[in-house]
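This report works through selected local features of one structure, moving from a sheet to a ligand site, then to backbone geometry and aromatic packing. The sequence and the coordinates are shown first, and the discussion follows.

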Amino acid sequence: MDVLGTRLEALERRVGGAADRTGAEGLAAQVAHIERRLSKILADNAALALGLEKYEKLRDVIEGDGDMELQRRLLGVDAKVELILLNEDAPAVLSDLRTIHDLQSRINQPEYAAVAGLLPQVCGLEQRHGGQAAEFRQVVAEVSSLVDRYHAETEALSEMFIRWDQALTAIERRDVAYGYRVPKKLEDPDYSPEQLQNRQQSARLVCLVNAFRSIGHRATDLDPLKLQSRQAIPELDPARYGIVDPHERFDVNGILSIAADDGSTTATAAEIFEALSAIYCGHVAFEFEHIPEMAEKKWFADYVESTSREGELDAAKKRRFHELLARRSPAAPKHTLTITLAAAAVFDNFMQKKFGQVKRYGLEGAESAIVALDELFSLCSSTGISEAVVGMPHRGRLNILIDLLKYPARALFHKLQGNAEFPGGLPASGDVVSHISSSSSLSYGSEGALKVTMLPNPSHLEAVNPVAMGYGRAKQMYLYDHNTDPGCALGDRLVGVQLHGDAAFTGQGVVMETLGLSNLPHFSLGGTIHIIVNNQIGFTTPMTNARSTHYTSDVGKMVNAPVIHVNGDYPEEVARAIRIAFEYRKLYRKDVIIDLITFRRWGHNELDEPSLTQPRMYDIIRARESIPHLYERRVLADNVISEADAEATRASFASHLEGELAASKEYVPQARELKGKWAGMVVSTGATGQMDTGVAVDTLREVGERSVAVGPGFKVHPRLVKRHIQPRLKQLAEGTGVDWSTAESLALGSLLREGYNIRLCGQDVGRGTFSQRHAMFVCQDTENVCVPLNSGGDGHGKIEVVNSNLSELAVLGFEYGVSIQSPTTLPIWEAQFGDFNNTAQVIIDTYIASGETKWLLQSGLVMLLPHGYDGAGPDHSSSRMERFLQLCDTPMDVSGNNSVQNPNMHVAVPTTPAQIFHLLRRQMVRPYRKPLVVAGPKTILRLAAATSTLSEMGPGTSFRPVLPDDHVTSPDKVRRVVLVSGKLYYDLAKARIEQGEGAGDRVALVRVEELCPFPSRELASELARFPNAAEVVWCQEETMNAGAFSFVQPRLQSILPSAMPIHYIGRGPLAAPATGVASVYKAEQADIIRRALTCA
Ligand SMILES: Cc1ncc(C[n+]2csc(CCOP(=O)(O)OP(=O)(O)O)c2C)c(N)n1
Ligand SMILES: [Mg+2]
């Protein structure tokens, strides 16, 4: 065969092959395949129901177009993917789709259609002209070029489909339940081939640059006290890498981002060394080499190198870098810094003079922290962020509140004069000034306003961290749910800010736990900016004793957060550190840490004498100039301001403070307004009594059926179909035998139906520790997750089912943060076993139990704590309800007027499914929010005797704090009333039946289902049913020093006739909650039951 013939054959093969792969038919087949997969995702993912509607509408429009069948289908696919994108941040898929559209429409162009028709013509020409005709050559050339283009484009199309397919598979495999948000993922930029070649050729320089990037921070000037001296680091010596001639020229392209003004990338060894020292060993230092992602590391190095500060290189380069810096993020004008710092100094002096005996935990020595925040807030407002949520400790809090957050100084002075921070008549005890919170709207020039919320904090350092995260997340979810921009990614609108003390950051475990939440899908905020106000001391503890790590910030490396150390003496550098951190977070939506190295001018507080323990450190501190003065000298020298300006700034602020002090005498505190999302809520008085929390039975059936319904193609595990779904449907159909898990899902589903949102969080809560809940199903084919309760549609709330990481302290703090943010979200935290709540004790004591009393902040948080003695040993038996009861502020005497109680939290021990149904609903239906602690069930989750009917949850029903003994037919015969809480009731009831008539008739078993508030009226009326009862027994399976006994006894006594004794029947006192010996457990349990039922 001649050459042309061979070529023709090859052309034909290529056309055929390309058409097979991705020609019109192949394309249609692939589209159909992807359509099917998307339909499945849509059907499986109830959260997308809303979007589905939008898609249907869109399809109607496209269908009107008729003949463009393939395009219509592609558009349909596109719409579906966009729906996923509403919940799934996967812009790469969308951009692929756009490319597919482009390619596809080009393939549909007539020139491609002609390809097939041309080929026979070509063959005919060959036959007719024997391969000689010029016309023939021309046609072959045309066809050849067309086929080449077709081939190239179909190849690209084919690649698109592969990538797209992979992206879809990734989406399908993820937990796509409501609330899941994929962290922002960026392309991995690699070096160009030329850069790689340059790196190979200049390997010596690569080594030197790497050394500066990874350990340059050890050779920096970071310490304002110069206690830590600069170290000579051998690895930073160019000679070590064979770079000995300072004049040797290198091309830095792909090695170091210090291009000259004219774009030239060559520099001498000396210039490079100078640049590296300036960038990496100045007053700012970086740690980013530990970041595992190559792209992030590369970005970080490029950014800090190319935006390196003025004065480090020659004038031309300075101009270039200044321009770059200003373009990326406007530099803080010098005079702004001066005013802020001067204000801080004035405030501190003023406070010292007027309130010399007050512990302010002032910022002196770390004034740059204000600059840091100011720069951060101004960057936020210039980049579309509308909310900042700040968690911070005592240090400098008052300065920041007054100087930056517009907290009214008169309110502070009023409080400092010994007055309350809230109006009289409110159920609040207040808090110290170093825990004050605020919410203010800041505006920076013409940029949008930024709302800054500083949360109240307890004394327990760092405990606020997870609370601030939870609060921010709840706000963020609200912004998303009400956002019309589907492309809105995590962190676009809200930034988390945490300030830390150096000693606390290294010492407190909650820091590690909270950092551990930062990149988890249901917890992430899209990056928190951490600022460690590192004054190199914690109370009297020097850093050598405060941490085992080299840097204060080292714990941040557990989440691979980059760290920027900065010398607090240089406010402009501090602002630069913030800009870098801000840019990093903006791009990668992850946490970043600024280690702001400062000092503490006074003692731990202003009344302490620091020289008792740190005489040499304080010699240095006393001898040195303050940061505001230092900086003022610098800007005066630069002629940025005049001395008169500086004085005027100070005088004006001082006179403002004097005015505020005068106004504080007349200041009348305002109550925290229940507005916005809290509008309609009231401050509880305890007078609401029991509310109707029942729901129409038909509605319950509908909700119950929905709670186990999955889309077509979603393969639920057969065991669950048999043991969970079918029994639930049967219970709903029959209206009886409703078990715990069903009742719980009816409560949740009915609340969702009423528009409330729910966050159900804890370890393995989706399935449930005892494999009882199954709020989420996992497809056995794809591992896709489905939360059936989210398929409610318009007007329904959403449930975010959060299988948390193995943390209690941070996770509970997080959920508390959610609870104080939104009254329309029901946050439920479940401990794996009840006893694990004790690792979160700080959150319970300082927030849940006392938050409303201290700060008038309401919380509707529910804690579900599996509890009950079943021989599981000392730890898993008890949720330690005694500790919660001890924290309750309900009175000991609950007779008469005291029977109306308004305690700080509610503690319940429900024993029937209907009871948990009502408890959960009550949390939302009532017009105020109170924490609810539930000592929950384990063995009775599946106990036939512990089931309910649907009618017990129907209209007109409510939670019953006392369940009367309905089995007693002759109340007159009752000689002993046994009061009991929890599952022990079922053991007693069973044994009583076994005893038969006689002994059994003489004992009534009354269940106390809510311990706090103590149900005095309900109990009194139940006790009154037994006129011949001679004694009341409190029976519990917990040990005598635990359980509810010590809480119940005085309160019960206050409603009983004084002659009526209260007997205790239960285990004796024991240091451990329960025995670990099975036979001992059994004997004890039998003995308790025998004694409780034995009466004269
Ligand atoms: C959990 C906890 N433990 C102990 C304390 C007591 N305490 C209050 S401040 C402080 C020192 C804090 O040092 P650092 O974190 O460096 O902050 P700084 O006061 O130096 O700004 C200590 C030990 C506390 N408030 N919280
Ligand atoms: Mg400190």
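Two strands are taken to pair if DSSP finds at least two bridges between them. The model discussed here is a predicted one. On that criterion, strand 25 (residues 1031–1035) and strand 26 are paired in the parallel sense, with four bridges, and within this pairing V1032 has I1062 of strand 26 as its bridge partner.

**The five-stranded sheet**

These two strands belong to an open sheet of five strands, whose order is 21-23-22-25-26 and whose pairing is mixed. Strand 21 and strand 26 (1062–1065) occupy the edges, where each has a single partner strand, so one side of each is left without a neighbour in the sheet.

Strands of a sheet pair through backbone hydrogen bonds, in either a parallel or an antiparallel arrangement. Strand 23 takes part in both kinds of pairing: with strand 21 (residues 962–963) the sense is antiparallel, over two bridges, whereas with strand 22 (residues 976–980) the sense is parallel, over five bridges. In the antiparallel pairing, V962 has V1008 of strand 23 as its bridge partner; in the parallel pairing, V1006 of strand 23 stands opposite L979.

How many of the six residues of strand 23 are buried? Six of the six residues in strand 23 (residues 1003–1008) are buried, so this strand is largely enclosed by the rest of the structure. In a regular strand the side chains alternate between the two faces of the sheet. For strand 23, both faces are covered, with V1003, L1005 and R1007 buried on one side and A1004, V1006 and V1008 buried on the other.

**The surroundings of ligand 1**

Ligand 1 is surrounded by 15 residues, of which H394, R395, S459, D502 and A504 are the closest. By character, this shell divides into five nonpolar, eight polar and two charged residues. Helix 18 (502–507) and strand 9 (537–538) each supply at least two residues of the shell, and helix 18 gives the most, with three residues.

Distances from individual atoms of ligand 1 to polar atoms of the protein are set out below.

| Residue | Protein atom | Ligand 1 atom | Distance |
|---|---|---|---|
| S459 | polar backbone atom | nitrogen | 2.8 Å |
| L461 | backbone N or O atom | nitrogen | 3.2 Å |
| N535 | polar side-chain atom | oxygen | 2.9 Å |

Of the 570 Å² of accessible area that ligand 1 has on its own, the protein covers 75%.

**Backbone geometry in loops**

E462 has a phi near 70 degrees, which is a positive value in a residue other than glycine. E462 is placed in the loop between strand 6 (450–454) and helix 17 (464–481), and because its relative accessibility is 4%, E462 counts as buried. R880, also not a glycine, has a positive phi of about 60 degrees. The loop that holds R880 runs between helix 31 (873–876) and helix 32 (881–887). Is R880 buried or exposed? Its relative accessibility is 18%, and since buried means under 20%, R880 counts as buried.

A further backbone feature is the peptide bond from C1012 to P1013, which is cis, with omega near 0 degrees. P1013 lies in the loop between strand 24 (1010–1012) and helix 35 (1016–1023).

**Aromatic pairs and a cluster**

A search of the whole structure finds 20 aromatic pairs. One of them joins F286 and F300 in an edge-to-face arrangement, at 6.0 Å centre to centre and with 65 degrees between the planes. F286 lies in strand 3 (residues 284–287) and F300 in helix 11 (residues 294–306), so this pair ties together parts that are 14 residues apart in sequence. Both F286 and F300 are buried.

The rings of W299 and Y588 have centres 6.0 Å apart and planes at 75 degrees, so this pair is likewise edge-to-face. W299 is in helix 11 and Y588 in helix 21 (residues 571–588), so the pair ties together parts that are 289 residues apart in sequence. W299 and Y588 are both buried. The residues of these two pairs are members of one aromatic cluster, formed by Y280, F286, F288, W299, F300, Y303, Y584 and Y588.

Conventions: Residues are numbered from 1 along each chain as its sequence is written. Chains are lettered from A and ligands numbered from 1 in the order in which they are written. This is a predicted model: local features need pLDDT of at least 70, side-chain atom pairs count only at pLDDT 80 or more; totals for chains, interfaces and linings use all residues. Side-chain values use heavy atoms; hydrogens and water are left out. Buried means under 20% relative accessible area, exposed over 50%, partly exposed in between (1.4 Å probe, protein chains only). A residue is near a molecule or strand if one of its heavy atoms lies within 4 Å of it. A polar contact is a pair of N or O atoms within 3.5 Å; within protein, one must be able to donate a hydrogen and the other to accept it, and residues adjacent in sequence count only if both atoms are side-chain atoms. Accessible areas come from the Shrake-Rupley method with a 1.4 Å probe; for residues, only the protein chains shown count as cover. Ala, Val, Leu, Ile, Met, Phe, Trp, Tyr, Cys and Pro count as nonpolar, Asp, Glu, Lys and Arg as charged, and the others, Gly among them, as polar. Rings of Phe, Tyr and Trp (its six-membered ring) pair if their centres lie within 6.5 Å; planes under 30 degrees apart count as stacked, over 60 as edge-to-face and the rest as tilted.
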